[in-house]
Amino acid sequence: MSDKPEKFIDENGLRLDGRQIDEIRQMKIKIGVLSRADGSCYLEWGNNKVLVAVYGPRELHPRRLQKADSALIRYRYNMAAFSVEDRIRPGPSRRSIEISKVSREAFEPVVMTHLYPGAVIDVFAEVLQADAGTRTAAINAASLALADAGIPMKGLVAACAVGKVDGQLVLDLNKAEDNYGQADFPVAITQDGEITLLQMDGDLTQEEFKKALEMCKEGCRQIMEMQKEALRSKFADDLLAVQVPDEAAESIDVAATLEDVVEEDIIEEDVGAEEVSEEPSEETSEDDLAISEDAEIELAEDELVAEELDESDADEKIPDVEVEFVDLLDEEADEEADDEDKEVASEGSETREQ
Ligand code: UDP
C-alpha cells in the first residue's frame, strides 16, 4: 500500500489527482456488454472498473424461497482476486456480504418487484479493478444493467461518496483519501431524491454531515445525468423506432420506456421477425403476451439446458455440413458429369484441403 501523503489538498485547493474538492472522477459507461445476460453494464470510474450482469425476472428455485406477492432481488457484490494490490481471497467475505446487502436494499424501493410474484432478479456486480468507491460504482452500473434488462423501475439509482481529508469535505474519494482520510460517507439516491443507502466510516460533525449529504446529492445528480445519457445513446435507435416523444425520452421514466423496447425485442426474437406484423392486431398482441410469458417461465427452467443445447447444436451443425459436402462430391465423381461440373468439384476439394 502506498504511504500516507503529507497533504491531500494543495495551496490551490486541488486534490492529489488534480480534482477540485467537489469534483467527481471521470466516468465511462457501456450498456449491454454481455450477450447472455438480460441486462449488463460496464463502468469505469477513475481507476475503478466494474461489470454488472442482471438475469431475470425468472422463476425462483427452490420454490420455498419464492415470495407470493413480489419478486426477490438478489445482489452479489464481488471483488475479483486481482482487483486490488494484495490478492483478494475468492469467495464471500464479511465485507462483500455487507456490501451486497446494503446494495440490494438500495434498489428495493425502486424496482417494481410486485409485478413478478415468485420470481427472482439476480444482480451480479464484479469489481475488476478497485480504487475506492467500488460499492457506489457497482450501484451506478447495476442501475443501468437493470434498465437494460427491461426491469420496471420507478427511476434510476445513483451513488457516490463524500469523505474528509485535511479537515475538509471532498466528493468522490480516491484510494489515498479513502485509506487515510478522516471519514467515508457513501450514499445512494433515487431519481425522486429518496436516500436508499447511507453509510458512514469515521467522524463528522452535525454540520459536516449535512454538508456532506448535500455534496453527495449533487454528485448523484451529475451521475444520474450521465446514466441517462448512456441509456439514450444505447437505445436512441429503438426509442426512435417506437416514436417516444422527446419529453418522455428525457424524463425520469426512461427505464419504463426501455422496458417496452426490450420486451419488443424479446418477442421478436422468440416469434421470428417475419411473424411480427407492423400493425399488430388484438390477436397478435395476445399471442405476443402469451409467448412472452411462456418465454419467461421457460427461461428460468431451461436456461442452462438451452445453453448446453445451443453449444452442442453448434458443434453438430459443422460436421453435418461437411458430410453433405463430401457426399455431393462423391456423387459427382461417380457420375459421368460434364467438364464444368468436374472443375467445380476439384475446386471444392482444394478449398477443403486448405
Ligand atoms: N480494498 C482493498 N482490499 C480489500 C478491500 C478494499 O484493497 O479487501 C481497497 C479497494 O481499493 C477499495 C478501497 O479499499 O476500493 C475502499 O474500500 P471500502 O471498503 O471503503 O469500499 P469501497 O470504497 O470500494 O466501496
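Aspartate 172 is buried in this predicted model. Its C-beta atom has 27 others within 10 Å. The residue sits in the loop between β7 (168-171) and α3. Its phi is near 60°, a positive value in a residue other than glycine. Most residues other than glycine have a negative phi.

Alanine 132 also has a positive phi, near 80°. Its place is the loop between β5 and α2. Is alanine 132 buried or exposed? Alanine 132 counts as buried because it has 23 C-beta neighbours inside 10 Å, and the cut-off for burial is 20 or more.

Alanine 132 leads on to the ligand, as it is one of the residues around it. Which others belong to that shell? Val84, Ile88 and Arg95 are part of it. A run from Ala130 through Asp131, Ala132, Gly133 and Thr134 to Arg135 follows. Lys175, Asp178 and Asp184 complete the list. By class, the shell has six charged, four nonpolar and two polar residues. Two helices, α2 (134-148) and α3 (175-180), each supply at least two residues of the shell.

Now turn to the sheet. Five strands form an open sheet in the order β1-β2-β3-β5-β4, and the pairing is mixed. Its edges are β1 (27-31) and β4 (72-79), each paired on one side only. On average, neighbouring strands are turned by 15° against each other, direction ignored. Helix α2 packs on this sheet. The helix touches β1, β2, β3 (48-59), β4 and β5 (119-129). Its direction makes about 150° with that of β2.

Start at the β1 edge. Strands of a sheet pair through backbone hydrogen bonds, either parallel or antiparallel. Here β1 and β2 (residues 39-45) take the antiparallel sense, over five bridges. Lysine 30 has tyrosine 42 of β2 as its bridge partner. Isoleucine 31 stands opposite cysteine 41, also in β2. How do the two faces of β1 divide its residues? Met27, Ile29 and Ile31 make up the covered face. Lys28 and Lys30 make up the uncovered one.

Next comes the interior. In soluble globular proteins, nonpolar side chains tend to be buried together. The largest nonpolar core in this model has 77 residues. Which members touch the most others? They are Val52, Val54, Val123, Ala141 and Ala145. Take valine 54 as an example. Leaving out residues up to four places away in sequence, valine 54 touches Ala37, Asp38, Gly39 and Ser40. Its contacts also include Ile121, Asp122 and Val123. Ala145, Leu146, Ala149 and Ile151 are among them too.

Two peptide bonds deserve a look. Most peptide bonds are trans. Which bond is cis at proline 57? The one that joins glycine 56 to proline 57, with omega about 0°. Proline 57 lies in strand β3. The bond from histidine 61 to proline 62 is also cis, with omega near -5°. Proline 62 is found in the loop between β3 and β4.

Key: Residues numbered from 1 in each chain as written. Predicted model: local features only at pLDDT ≥ 70, side-chain atom pairs only at ≥ 80, totals over all residues. Core = buried A, V, L, I, M, F, W, Y, C linked by C-beta atoms within 7 Å. Buried ≥ 20, exposed ≤ 12 C-beta atoms within 10 Å, placed from the backbone. Contact = placed C-beta atoms within 7 Å. Near = placed C-beta within 6 Å. Helix = DSSP H or I, 4+ residues; strand = E, 2+ residues; numbered from the N terminus. Nonpolar A, V, L, I, M, F, W, Y, C, P; charged D, E, K, R; others polar. Pairing = 2+ DSSP bridges. Axes fitted to C-alpha atoms, helices over the stretch in contact; angles between N-to-C directions.
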